[in-house]
Amino acid sequence: MEYFCYHRDRPGSLALRDELLEAHWSYMDQYAKEMIARGPTLADDGDTPTGSVHILDLPDSAAARAFALDEPNYQAGAYRDVLLRRWRNMLGRTMWEFPGGRTEGNRYLVIGLGVAPGQAADLTVPDDRDELIAYGPLLADDGTTWLGTAALVRAPDPGTARAVLTPDRYADIEVHNWVFGGRPTTED
């Protein structure tokens, strides 16, 4: 079962996040095989973290909750909250298989929160799938009730990223700067 997990930073928690960086990476290393996508969201300055996205394939809801709530930054209070939802990988690939690579272009997390549960929208992959890093519906625990849509998108600007979703079908659409996550390597 696939899950979308978005931890949002608590204001003023940057020093704590920096202090816990190795603990965070070590924790995520335990889930390397389950990871579909990961990475921080950033403030408009392109540098200050505002949250952390993880999309994983886990055995069940209990494992997903444990993943989200046992994360070191969450345990220490660096995160103010977490959005955890079932998710369906409509692209059938991981972020590492994205044809656009890790660094070229602007990247965004787009979250559309549905107007009403079950009134599904955007259940087919948009035509320009080459600009999509990850894409799929946010679902209730039953795995079928639609609650919204989450996507990781390469786009020239936030407005273009937002346009991946049908605006009048959502109560709110959030767009956040996002970058590929993980431990720095010599390739980065």
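In this predicted model, the largest nonpolar core comprises 19 residues, and those with the most contacts inside it are Phe-4, Ile-55, Trp-87, Leu-109, Leu-152 and Trp-178. At least two residues of this core are supplied by each of strand 1 (2-9), strand 2, strand 3, strand 4, strand 5 (107-114), strand 6 (132-139) and strand 7 (146-154). Strand 6 provides the largest share, 3 residues. Apart from this core lies another, of 16 residues, which includes Ala-121, Leu-132, Ala-161 and Tyr-170.

Two residues, Ile-55 and Trp-96, illustrate contacts between parts of the chain that are distant in sequence. When neighbours within four places in sequence are left aside, Ile-55 is in contact with Tyr-3, Phe-4, Glu-34, Met-35, Ile-36, Ala-37, Trp-87, Ala-134 and Leu-152. Trp-96 is located in the loop between strand 4 and strand 5. With residues up to four places away in sequence not counted, Trp-96 touches Met-35, Ile-36, Ala-37, Arg-38 and Arg-102. The C-alpha atoms of Trp-96 and Ile-36 are 8.2 Å apart in space, although the two residues are 60 residues apart in sequence. Trp-96 counts as partly exposed because its relative accessibility is 43%, which falls between the limits of 20% for buried and 50% for exposed.

Helix 2 (residues 21-29) has His-24, Trp-25, Tyr-27 and Met-28 as buried residues. These four cover an arc of only 160° around the axis, and therefore lie on the same side of helix 2. In an α-helix there are 3.6 residues a turn, so residues three or four places apart point the same way. The buried residues of helix 2 pack against strand 2 (35-42), strand 3 (49-57), helix 3 (61-70), helix 4 (72-76) and strand 4 (79-87).

The largest pocket encloses about 480 Å³ of space. Of the 24 residues that line this pocket, Arg-17, Leu-21, Trp-25, Pro-40 and Gly-182 are the closest to its centre. Two or more lining residues come from each of helix 1 (14-19), helix 2, strand 2 and strand 3. Strand 2 gives the most to the lining, with 4 residues. Trp-25 is thus listed both among the buried residues of helix 2 and among the residues closest to the centre of the largest pocket. The composition of the lining is set out below.

| Class of lining residue | Number in the largest pocket |
|---|---|
| Nonpolar | 9 residues |
| Polar | 8 residues |
| Charged | 7 residues |

Notes
Residues numbered from 1 in each chain as written. Predicted model: local features only at pLDDT ≥ 70, side-chain atom pairs only at ≥ 80, totals over all residues. Heavy atoms only, no water. Buried < 20%, exposed > 50% of the residue type's maximum accessible area, 1.4 Å probe, protein only. Arc of directions from axis to C-beta. Contact = heavy atoms within 4.5 Å. 1 Å grid on protein atoms, 1.4 Å probe; cavity = no way out; pocket = protein on both sides within 12 Å on 5 of 7 lines; lining within 4 Å. Points joined across faces, edges and corners; volume = space filled by probe spheres on them. Nonpolar A, V, L, I, M, F, W, Y, C, P; charged D, E, K, R; others polar. Core = buried A, V, L, I, M, F, W, Y, C linked by side-chain atoms within 4.5 Å.
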